[in-house]
Amino acid sequence: MPGSRDRPGPGAAGRDRPRVVVSVPPRLRTAFFAPEVWAALESAAELTVLDAHTDAAALAAALPGARALITSWGTPRLTGALLAAGDQLALVAHTGSAVAPYVAPEVFARNIRVTQAGDAMARPVAEVALAFTLALLHRVHRFDHALRSGADWESASTAPPRHEIHGSEIGVIGASRTGRAYIELVRALGARVSVSDPFLDAEEAARLGVRRVSLGRLLRGSRVVAVHAPATAATRRLLDARRLASMPDGAGLVNTARSWLVDEEALLAEVRGGRLDAAIDVFDTEPLPVDHPFRTLPNVLLTPHQAAGTAEGRRRLGASAADEVRRLLDGREPAHPVGPEALARVH
């Protein structure tokens with residue numbers, strides 16, 4: 001079939017074995033699946049591997065008879081004809097976190113199980129958020145920009161006041177998986193942490209060792225604010241011009257979540273004036289245009305949406321999806337299932 005390869009496991013006759021479609025392109029397959037994980041998957045099922053993983057026609061041709069589908073970024077959304085082709089489909093195992101771009105409500109209506117691997121991404125994103133936090137506190141990005149731009153030593157040594165993380169007020173928007181991993185890291189370094197999350201109760205806040213506060217209080221009182229909330233209809237442009245303006249002069253904003261949560265134009269106005277610093281991994285337009293003003297500002301630290309991209313993290317994504325498939329084939333419940341409520345996450 002176009003854009004696919006059948007890869008039966010050792011000694012398999014094919015027709016007597018369950019079949020699994022792997023909609024993951026070659027580069028990501030290498031990154032996601034350790035040799036032993038792939039070998040275990042091959043021994044459990046006949047694999048149909050889609051190199052052209054964005055090709056809806058190839059996916060439709062591969063789905064008939066398949067028991068499970070492993071998806072990756074770019075896999076066509078399962079609606080209409082694709083669902084009709086999946087006549088025996090029982091599981092969609094996504095190798096990322098948000099499933100809404102790949103799964104339509106009809107998937108749940110047909111009682112197809114859906115899993116995601118978001119737990120595997122929390123640690124690397126939290127570590128990048130920590131690195132961003134330390135850089136903002138110590139103004140590392142400003143010094144680096146000054147030296148690279150040819151400023152003399154004395155000028156390059158000039159920066160706003162710098163601070164240690166120990167004792168600093170750090171605000172966290174969203175006690176998500178990543179938010180909790182970040183909280184653990186910054187608290188281990190002595191930060192005083194406040195959290196704004198409407199779903200965090202007092203008991204859980206005490207367990208995390210954080211203070212529950214309103215968003216307004218968090219923004220007004222934090223030296224660095226880290227965004228870790230989900231992208232839902234309710235969080236669209238959560239940090240708008242008014243809220244960004246309430247942050248103290250010299251404060252920093254860390255966004256490794258989604259640009260959806262921040263009014264990018266309002267943030268640009270704040271950093272362009274030099275009042276705030278920012279460290280950003282996610283943008284409204286990706287790739288970030290080469291002429292975007294963010295690229296030239298000395299008080300902005302940028303990475304190209306790579307916070308989750310560690311070698312170890314990607315191997316965990318593949319291992320998680322492969323484990324979910326083996327659980328299905330063994331008649332066990334999934335480890336990381338999601339329900340229709342997951343579709344509220346727009347990214």
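This report walks through salt bridges, a cavity, a strand pair and a helix in one structure. The model is predicted.

**Salt bridges**

Side chains of opposite charge can pair when their charged atoms come close. The structure holds 17 salt bridges. Three of them are set out here.

| Pair | Closest N to O | Location |
|---|---|---|
| R123 and E127 | 2.8 Å | helix α6 (residues 119-138) |
| D277 and R139 | 2.9 Å | strand β12 (residues 277-280) and the loop between α6 and α7 (140-148) |
| R237 and D284 | 3.3 Å | the loop between β10 (224-227) and α12 (241-245) and the loop between β12 and β13 (300-302) |

Start with R123 and E127. Their salt bridge has its closest N and O atoms 2.8 Å apart. Why can these two residues meet along a helix? They sit four residues apart in α6, so about one helical turn separates them. An α-helix has 3.6 residues a turn, so residues three or four places apart point the same way. R123 is partly exposed, because its relative accessibility of 40% lies between the cut-offs of 20% and 50%. E127 also has 40% relative accessibility and counts as partly exposed.

Now take D277 and R139. The salt bridge between them has its closest N and O atoms 2.9 Å apart. This pair links distant parts of the chain, with the two positions 138 residues apart. D277 belongs to strand β12, while R139 lies in the loop between α6 and α7. Are these two residues buried or exposed? Both D277 and R139 are buried. The pair also has company: R142 joins R139 and D277 in a network of salt bridges.

The side chains of R237 and D284 meet at 3.3 Å, N to O. This pair, too, links distant parts of the chain, 47 residues apart. Each partner lies in a loop: R237 between β10 and α12, D284 between β12 and β13. R237 is partly exposed, with a relative accessible area of 23%. D284 is partly exposed as well, at 37% relative accessibility.

**The cavity**

D284 turns up again in the lining of the largest cavity. How many cavities of 30 Å³ or more does the structure hold? There is one. About 60 Å³ of space lies in the largest cavity. Its lining is made up of N255, S259, V262, E264, L267, I280, V282, D284 and F294. By class, five of these residues are nonpolar, two are polar and two are charged.

**Strands β2 and β3**

Strand β3 covers residues 46-50. Five of its five residues are buried. Which residues lie on each face of β3? E46, T48 and L50 are on one side, and L47 and V49 are on the other. Both faces are covered. Strand β2 (residues 19-23) pairs with β3 in the parallel sense, over four bridges. Within this pairing, V20 stands opposite L47.

**Helix α14**

Helix α14 runs over residues 311-329, 19 residues in total. From its first C-alpha to its last, α14 reaches 28 Å. That is close to the 27 Å expected at 1.5 Å a residue. Buried positions in α14 are G313, R314, L317, G318, S320, A321, A322, E324, V325 and L328. Charged side chains are among them, namely R314 and E324. After α14 comes G331, whose phi is positive, near 80°.

How values were computed. Residues numbered from 1 in each chain as written. Predicted model: local features only at pLDDT ≥ 70, side-chain atom pairs only at ≥ 80, totals over all residues. Heavy atoms only, no water. Expected span 1.5 Å × (residues − 1). Buried < 20%, exposed > 50% of the residue type's maximum accessible area, 1.4 Å probe, protein only. 1 Å grid on protein atoms, 1.4 Å probe; cavity = no way out; pocket = protein on both sides within 12 Å on 5 of 7 lines; lining within 4 Å. Points joined across faces, edges and corners; volume = space filled by probe spheres on them. Pairing = 2+ DSSP bridges. Salt bridge = Lys/Arg side-chain N within 4 Å of Asp/Glu carboxyl O.
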